[in-house]
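Me: Could you take a close look at one part of this model for me? I'd like to know how the helices pack there, and how the chains relate to each other.

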2 protein chains.
Amino acid sequence: MNAELLPRPLGEAADEAIAELRGIFGTRISFAETVCEQHSGLEGHHQGAWPEAVVYAETTQDVAKLAAWCHQRRIPLIAHGAGTSLEGNLAAVRGGIALDLSAMANIVEVNADSLFCTVEAGVTREALNQELRHSGLFFPIDPGANATLGGMSATRASGTNAVRYGTMRNNVLSLKVVLADGTIIDTGTRAPKSSAGYDLTALFVGSEGTLGIITEVTVRLHGLPDMVVAGTCAFESLEGAVRAVIAGLQCGIPFARIELLDSRQIAACNAYSGLDLVELPTLFFEFHGTQQSISEQVELFKAIGEEHGVSSLDVADRAEDRSKLWKARHTAYFATKAMVPNAKMWSTDVCVPIGKLAESILETQADLARLGVLATIVGHVGDGNYHVLFPIDEADPEAFGKARTVNDRMVERAIALGGTCTGEHGIGLGKRTALVLEHGSAAVSLMASIKKVMDPHSVLNPGKIFPD
Amino acid sequence: MNAELLPRPLGEAADEAIAELRGIFGTRISFAETVCEQHSGLEGHHQGAWPEAVVYAETTQDVAKLAAWCHQRRIPLIAHGAGTSLEGNLAAVRGGIALDLSAMANIVEVNADSLFCTVEAGVTREALNQELRHSGLFFPIDPGANATLGGMSATRASGTNAVRYGTMRNNVLSLKVVLADGTIIDTGTRAPKSSAGYDLTALFVGSEGTLGIITEVTVRLHGLPDMVVAGTCAFESLEGAVRAVIAGLQCGIPFARIELLDSRQIAACNAYSGLDLVELPTLFFEFHGTQQSISEQVELFKAIGEEHGVSSLDVADRAEDRSKLWKARHTAYFATKAMVPNAKMWSTDVCVPIGKLAESILETQADLARLGVLATIVGHVGDGNYHVLFPIDEADPEAFGKARTVNDRMVERAIALGGTCTGEHGIGLGKRTALVLEHGSAAVSLMASIKKVMDPHSVLNPGKIFPD
């Protein structure tokens with residue numbers, strides 16, 4: 001890219017331009033260091049990078065005005081949800097303005113008849129489900145963190161129950177988006193499906209704030225199941241656990257959640273969450289349905305487990321036991337962090353065809369052993385997606401480099417096995433090279449040409465997704 | 001668009017250019033009138049438009065060579081699957097070359113462990129399911145016609161069991177695509193999900209051959225259910241039938257198929273397929289699962305039906321009865337055609353939020369009555385998607401105009417109700433104005449700018465999707 005085409009820091013903008021911005025946003029623009037630091041994208045193992053100012057938007061019109069201002073002056077603009085992304089997706093690597101959407105937290109419409117709702121981008125998934133609690137419906141996508149719907153859309157998030165309910169890709173019906181120049185569009189309708197023109201919704205889902213800024217999200221809602229049963233089953237081998245899930249999927253078992261924790265992760269969860277699970281590769285499962293259909297699913301899965309070396313299977317049918325189990329799963333990150341004093345965490349993910357999942361994990365475990373790296377593995381096994389969590393001892397000068405080696409080899413192998421460098425974390429800063437390895441330069445050039453036509457001055461979250 | 005930028009007919013190409021093309025394709029290029037007529041996109045109510053030549057591709061490399069040739073000389077290029085599209089999607093309105101992909105019918109890989117398969121674009125869904133018949137897996141998307149996987153991808157097709165298994169949007173994992181200039185890319189991987197970069201797969205799915213030519217398709221496969229039970233239930237009112245489906249979805253009933261036929265369609269099916277159903281608004285349903293879970297679903301749905309004015313519910317548990325039922329549903333088009341001697345058929349579709357479906361259909365029925373237009377209505381009611389089938393008497397000079405009025409009003413109302421001008425037929429020639437009404441000019445301009453950057457000479461299926 002020519003230097004003349006690079007976006008420019010806010011610091012180079014003329015005084016009257018800044019005055020104009022202050023005129024628009026008043027007290028809703030801040031240049032304070034602490035505020036900028038909070039918006040520097042520090043989550044995860046990447047170094048943050050401070051923006052030069054933070055603007056708090058309250059309406060789509062606010063976002064449109066700010067985008068037009070930035071577009072005209074070529075000032076970087078980085079949209080923020082809850083800030084829970086893990087690949088440096090929010091670092092202001094070229095300065096500019098962080099756009100905080102957390103005040104856009106209105107639930108615009110819940111439509112129980114048509115099973116959808118429309119929310120502003122700053123609504124979190126927990127707030128949405130709280131709002132839905134008396135409707136008999138719920139929004140299932142659960143990436144663990146209490147992310148915003150805008151951020152989850154921008155990252156193409158998924159999580160533990162994507163195996164049953166799909167990812168954000170499958171659940172977003174439409175987005176309201178502010179384009180780079182401030183134009184406002186709706187990408188779709190409230191209809192459950194459409195074949196009217198190019199799929200703009202899917203283009204923005206997963207674009208990480210680089211093609212436009214999502215200000216409203218319309219998502220599908222799902223009926224709350226009659227009954228929920230969860231449980232755990234430990235396997236003699238990790239391969240056996242994965243083969244049991246494959247056999248279950250082939251038989252059409254509608255797992256609502258099916259999570260794999262390696263024996264090291266089980267040890268960490270036992271210590272952190274007061275569980276007393278056997279330290280073996282273990283599946284945490286959940287079934288949704290009626291009592292009868294769940295009984296059938298459990299029985300069928302038991303029979304399949306026995307063919308694949310199950311060591312124990314425990315059903316948690318009391319709500320408090322189920323809750324304890326999923327709390328332990330959701331705090332796997334903190335359980336791993338607690339393994340090393342003052343650890344800095346690095347969480348990476350890949351996703352492979354499920355038939356290659358055991359091979360992919362076992363080879364990563366072999367790398368960990370060979371390099372002497374401490375890490376745990378948790379996987380959304382029904383999707384072929386798994387995470388390696390590195391609790392990095394910052395006192396150890398080699399720790400980051402070793403984790404990087406494990407990560408890079410895991411990514412290369414995932415791609416060689418027909419998989420992807422990231423199932424749900426996105427590219428951000430961390431996987432830009434992997435993007436090219438995965439898609440090839442022609443496909444990445446196509447992505448770049450779309451970026452170029454939609455954001456000609458490269459002001460929307462610059463420096464992300466594409467290698468420099 | 002400037003005239004100088006329009007694609008040019010093949011007839012204006014130099015003799016040596018044509019000789020070059022003959023040199024590449026030999027007997028696999030035809031200029032014969034009968035062959036060109038077969039590729040003029042005559043299906044449906046639109047007038048066809050003949051291409052000037054037809055090329056039969058056997059490999060992705062063939063397609064790449066042809067695309068590069070057309071790109072360089074600005075000659076229109078129109079990719080053909082089975083030719084079953086309904087909105088003039090294939091008419092060679094600016095002449096040029098029809099690319100017949102039917103010889104690309106190899107099944108490249110069936111991967112039962114990872115629940116996916118890769119096929120060449122010319123493989124039909126029936127051929128694929130025939131190949132899968134001993135695997136315990138199936139490919140569920142069923143638009144009625146025996147379309148090709150390439151065509152179904154390009155049209156973002158769905159059909160009767162999208163309510164359970166999703167549309168092509170949800171089932172295509174990756175595509176091999178030849179871009180306008182002949183570059184070959186893969187849009188995704190074999191992983192069940194990814195958040196690596198822009199969703200190129202979704203961009204090509206539904207692009208109707210205007211952004212690139214799909215030569216290979218990788219789709220998800222699903223486990224064959226233990227048991228399948230189908231049946232019919234007649235309702236006193238169409239509104240009651242729709243409300244029963246909404247209540248069922250809210251309760252989480254996993255309908256595999258849930259189709260609505262209006263009383264006139266029932267009459268047509270009775271006559272054409274030898275059924276003896278009561279002439280009332282009727283749901284055709286299908287459940288997939290175990291015997292026990294299906295019994296539960298049927299019982300629950302019966303109870304819901306009783307709250308919404310069900311008049312009768314009949315379960316077809318014998319395979320031959322089930323088959324008769326779905327054959328009748330799949331031949332609804334021909335049953336309607338048989339209502340008028342030598343009828344020309346026009347099949348249109350819209351999709352609305354399901355809570356608005358009854359209103360949308362009832363107002364369309366009122367239009368039909370008011371204008372004295374004969375037509376039947378069939379709907380994928382679980383998706384809010386329905387079709388109006390007009391059996392047009394070509395001897396009646398007003399018949400087309402009246403059908404057009406009904407269609408236009410139905411499309412306008414669908415959009416006003418938060419829906420889309422087409423749920424599964426695509427835009428083609430027929431709904432180009434509706435595209436703008438639905439998305440607004442800013443969103444359509446964005447689509448056009450993507451088209452422009454990906455196909456700068458507008459050679460890929462020119463004249464489609466966008467208004468002139």
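Reply: Sure, with the reminder that this is a predicted model. Let's get our bearings with the two chains: a turn of 180° with a shift of 0.0 Å along the axis lays chain B on chain A, at an RMSD of 0.0 Å. The two copies are therefore related as by a two-fold rotation axis. If you want to find that axis from chain B, go to B:Ser293, whose C-alpha is the nearest to it in that chain, at 2.7 Å. Both copies use the same surface, with 99% of chain B's contact residues recurring in chain A.

Now for the part to zoom in on: helix α14 of chain B, residues 357-371. One partner is helix α9 of chain B (residues 238-250), with the two axes coming within 9 Å and crossing at roughly 155°. Angles over 145 degrees count as roughly antiparallel, so that is how α9(B) runs relative to α14(B). The crossing is right-handed. On the α9(B) side you'll see B:Leu238, B:Glu239 and B:Val242, and they meet B:Leu357, B:Ala358, B:Ile361, B:Leu362 and B:Gln365 of α14(B). By type, that contact has six nonpolar residues, one polar and one charged.

Another partner is helix α15 of chain B, residues 399-416, packed against α14(B) at about 160° with the axes 10 Å apart. This pair is therefore roughly antiparallel too, and α14(B) passes α15(B) in a right-handed crossing. Here α14(B) contributes residues including B:Glu363, B:Asp367 and B:Arg370, while those from α15(B) include B:Lys402, B:Arg409 and B:Arg413. The contact with α15(B) divides into four nonpolar, three polar and six charged residues.

Note on methods:
Residues numbered from 1 in each chain as written. Chains lettered and ligands numbered in written order. Predicted model: local features only at pLDDT ≥ 70, side-chain atom pairs only at ≥ 80, totals over all residues. Heavy atoms only, no water. Axes fitted to C-alpha atoms, helices over the stretch in contact; angles between N-to-C directions. Helix = DSSP H or I, 4+ residues; strand = E, 2+ residues; numbered from the N terminus. Parallel < 35°, antiparallel > 145°, perpendicular 65-115°, else oblique. Left-handed = near helix turned anticlockwise from the far one by under 90°. Contact = heavy atoms within 4.5 Å. Nonpolar A, V, L, I, M, F, W, Y, C, P; charged D, E, K, R; others polar. Least-squares fit on C-alpha atoms with pLDDT ≥ 70 in both.
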